[in-house]
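Let's read a structure together, one feature at a time. Bring your questions, and we will work from the pairing of single residues up to the packing of helices.

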Amino acid sequence: MECGGEGEGARGSVAVGGEEIGREAAGGRRRAAGMVVEPGLLRVRCPAGASREPAVAALGRREGGAAKSRRPPERGGGRPKAARVTHFLYRGRRREVVVTDGPPSFGLKGGKFLVSETRGKGRNERIIRAYRAWMMARAEKSLPRRAVALGDKHGIWPRRVTVRQQSTRWGSATSRGTLSLNAMILVLPPRLADYVILHELCHLAYANHSPEYWEMLGSVYPDVEWAKRELKKYADDV
Ligand SMILES: [Zn+2]
């Protein structure tokens, strides 16, 4: 069971077969997959040589255990607050987050995330949850459609496409023809998102990373090596 099942917006899911994309992107060793998304925390890796400013899309405090173990605020001190969200990643770009006071709402307009949230405890975490819920809703609409379009184009037909919020993998495929896609694929540039989808579609034909598998993937997506490198930029460092 490797799927993220905690937090608001996360979907319970059963363990499925197939390979996760992050592994070969990291040279086959078991290490952080393409990305780690925890409730309220999304970390992405900076490109090598990039500015030291972390490519952090959303920094928040993990809900649950860590939060419970927090000490109550002390006079004059106060508990540490989660870093205030300033940007969220969407389609490969960091989008500014503009927060106003008011009844909760969340949307993307003019390239910026316009967020309305009531003031008070946990506001930052609520904003992050709203982002994740929004991504999930978008992903449910767009990812299955994209998978079917790409599959049609190349003659690969999944029986079912599901969208989830998972903590360690971009996607997976089962021998029974189910494609499972991580909603957070939407953080990726569209061209890279297509790679993830095609990578999994090809696993419907080959449930491994054999030379035949890579040949098939290369025939439907010419820039495999580029995509593998790019995906690493979105991998978690831990
Ligand atoms: Zn794979």
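Q: Which residue is the bridge partner of Asp-101 in β6?

A: Happy to start there, with a reminder that this is a predicted model. Strands of a sheet pair through backbone hydrogen bonds, either parallel or antiparallel. Here, Asp-101 has Glu-117 of β6 as its bridge partner. Further along, Val-98 sits opposite Leu-114 in β6.

Q: In which sense do strands β4 and β6 run, and how many bridges join them?

A: Strands β4 (residues 93-101) and β6 (residues 112-117) run parallel, with 5 bridges joining them.

Q: What about β5 and β6: do they pair in the parallel or the antiparallel sense?

A: Strand β5 (residues 105-109) pairs with β6 in the antiparallel sense, over 5 bridges. One pair to look for is Ser-105, whose bridge partner in β6 is Ser-116. Between the two strands of this hairpin lie 2 residues, and Gly-110 takes a positive phi near 55 degrees.

Q: What is the strand order of the sheet?

A: Reading across, the order is β3-β4-β6-β5, an open sheet of 4 strands with mixed pairing. Its edge strands are β3 (87-90) and β5, each of which pairs on one side only. On average, neighbouring strands of the sheet are turned by 30 degrees against each other, direction ignored.

Q: Which strands does helix α3 lie across?

A: Helix α3 (residues 123-154) lies across β3, β4, β5 and β6, and runs at about 130 degrees to β6.

Q: Now for two helices: at what angle do α4 and α5 pack?

A: Two packed helices are described by the angle between their axes and the distance between the axes. For α4 (residues 190-203) and α5 (residues 211-220), the angle is about 135 degrees and the axes are 10 Å apart. Helix α4 is therefore oblique to α5. Their crossing is right-handed.

Q: Which residues make the contact?

A: From α4 come Leu-198, His-199 and Cys-202, and from α5 come Tyr-213, Met-216, Leu-217 and Val-220. Sorted by class, the contact of α4 with α5 has 6 nonpolar residues, 1 polar residue and no charged residues.

Q: Stepping back, how many helices and strands are there in the protein?

A: The protein has 6 helices and 9 strands. Of its 238 residues, 37% are buried. As for contacts with a separation of 6 or more, 56% are between residues 24 or more positions apart.

Key. Residues are numbered from 1 along each chain as its sequence is written. This is a predicted model: local features need pLDDT of at least 70, side-chain atom pairs count only at pLDDT 80 or more; totals for chains, interfaces and linings use all residues. Two strands pair if DSSP finds at least two bridges between them. A residue is buried if 20 or more other C-beta atoms lie within 10 Å of its own, exposed if 12 or fewer, and partly exposed in between; C-beta atoms are placed from the backbone. Two residues are in contact if their C-beta atoms, placed from the backbone, lie within 7 Å. Axes are lines fitted to C-alpha atoms, for helices over the stretch in contact, and angles run from 0 to 180 degrees between N-to-C directions. Angles under 35 degrees count as roughly parallel, over 145 as roughly antiparallel, 65 to 115 as roughly perpendicular and the rest as oblique. A crossing is left-handed if the near helix is turned anticlockwise from the far one by less than a right angle, and right-handed if clockwise. Ala, Val, Leu, Ile, Met, Phe, Trp, Tyr, Cys and Pro count as nonpolar, Asp, Glu, Lys and Arg as charged, and the others, Gly among them, as polar.
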